[in-house]
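Let us take a walk through this structure together, one region at a time. Keep the sequence and the 3D view at hand as you read.

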Amino acid sequence: MTTENNPYRAAFLLIVAAAGLLVIAAATGRGDITTATVVLAGAGCFIAGVFLLALNKGEPLDPEIAALLPAQGTITIATLCADLGVQGDARFVPDEGTVIEVIPVAGTLPGKTGDDYSYITRDGECAVRIVPACTPLLARLREKHALEVPTEDEGLLACIVEVCDDLLEVAQKTEAVRDGENIVVTLTGYRLISGCETVRAASPKCCTMVGCPVCSLLAAIVALGKNVPTTIEHVSVDEKRGVLRVILTGPAPRGAGPGNLR
């Protein structure tokens, strides 16, 4: 926290100024309008200082630090899956109003994914079943902001933008467009880019095999809106510009084709 932006320092200076003005008023003792003005100014400074102290909530958490909190968890889950021989990308599967994450051994999603076990091994279909990293975040958005995911494309894309820009404030500007069977989300001025750097330094495969809380939230929103399994097809990061681009596979609307955007 810099001294220029320190609310405690500002409040202290206001209170000191108030004390100085009141001392001046008492020392002169003229009892005229000038003295009354000095007293009022001192009282105003004192009240402002007290309010600044009372209303201050402290410095918000540094986004670079916040971005690193879930990074190792994402890497660890991807490492465990890889050690088990799992090579497929995660499917975010809608399940009775929520979303489960299924990571197949290869590229085929098992026919049944509704069991409560972490490992799916039936009839030659093998996969890992986990709770998406975004689950607490999605629950919070539903409870605090009454998030409802639209089913039509226009509303779904607008929902993604609102969640990223207004509710979570993880980016300066978010664009979500339909491109054939894909939904492309571009987050410019992404504030959690340091987490991306850490995860991708381990392996870019972590982004598609498991997904961080933000990327998995985007996939979960699409899965809920379209009611189909959704995959994080590709993730690219421009660290210098602070841009995160996520490509999600979702069902194309009728008549849509490549380049048919919102």
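Which kind of contact do the side chains of R241 and D238 make when they meet? They form a salt bridge, with 3.6 Å from N to O. Before going further, please keep in mind that this is a predicted model. R241 has a relative accessible area of 61%, and because the cut-off for exposed is over 50%, R241 counts as exposed. Its partner D238 has a relative accessible area of 26% and is partly exposed.

That pair is a good introduction to a wider theme, since a search of the whole structure finds 5 salt bridges. Another one brings together the side chains of K173 and E175, at 3.5 Å from N to O. Both ends of this contact can be found at the surface to some degree: K173 is partly exposed at 47% relative accessibility, and E175 is partly exposed with a relative accessible area of 40%.

Now look at R178, which forms a salt bridge with D153, where the closest N and O atoms are 2.8 Å apart. This pair links distant parts of the chain: R178 belongs to strand β5, while D153 belongs to helix α6 (residues 153-167), and 25 residues separate the two. Are these two residues buried or exposed? R178 has a relative accessibility of 2%, and because buried means under 20%, R178 counts as buried. D153, at 17% relative accessibility, counts as buried too. The contact also has a further member to look for, as D153, R178 and K226 are linked in a network of salt bridges.

From R178 we can follow its strand into a group of paired strands. Strand β5 (residues 173-179) pairs with β6 in the antiparallel sense, over 7 bridges. How many residues lie between β5 and β6 in their hairpin? There are 2, and G180 in the turn has a positive phi of about 65 degrees. Beside this turn you can pick out D179, which stands opposite N182 in β6.

Strand β6 (residues 182-188) is mostly covered, with 5 of its 7 residues buried. On to its next partner: β6 also runs antiparallel to strand β8 (residues 243-249), and 7 bridges join the two. To find this pairing in the 3D view, look for L187, whose bridge partner in β8 is L244.

A second hairpin is worth a visit. Strand β1 (residues 91-95) is largely enclosed by the rest of the structure, because 4 of its 5 residues are buried. β1 is joined by 5 bridges to strand β2 (residues 98-104), and the two run antiparallel. R91, for instance, has V102 as its bridge partner in β2. Between β1 and β2 the hairpin has 2 residues, and E96 in the turn has a positive phi of about 55 degrees. β1 pairs with strand β7 (residues 230-238) as well, in the antiparallel sense over 2 bridges. Here F92 stands opposite T230 in β7.

Let us move outward to the surface. Which residues gather there in a patch of negative charge? They are D62, E64, E197 and E239. D62 sits in the loop between α2 (33-55) and α3 (63-68), and at 39% relative accessibility D62 counts as partly exposed.

The surface also has a nonpolar patch, formed by L61, I65, L68 and L69, with about 400 Å² of accessible area together. L69 is placed in the loop between α3 and α4 (71-83). With a relative accessibility of 64%, L69 counts as exposed.

One last stop is S203, in the loop between α7 (193-202) and α8 (205-209). S203 has a relative accessible area of 27%, so S203 is partly exposed. Where along the chain does I75 lie relative to S203? The two are 128 residues apart along the chain, and their C-alpha atoms are separated by 8.0 Å.

Definitions and conventions: Residues numbered from 1 in each chain as written. Predicted model: local features only at pLDDT ≥ 70, side-chain atom pairs only at ≥ 80, totals over all residues. Heavy atoms only, no water. Buried < 20%, exposed > 50% of the residue type's maximum accessible area, 1.4 Å probe, protein only. Patch = residues over 30% accessible without salt bridge, like charges linked within 9 Å, V, L, I, M, F, W, Y side chains within 5 Å. Areas by Shrake-Rupley, 256 points an atom, 1.4 Å probe, with all protein chains shown as cover. Salt bridge = Lys/Arg side-chain N within 4 Å of Asp/Glu carboxyl O. Lys, Arg positive; Asp, Glu negative; His and termini not counted. Charge placed at Lys NZ, Arg CZ, Asp CG, Glu CD. Pairing = 2+ DSSP bridges.
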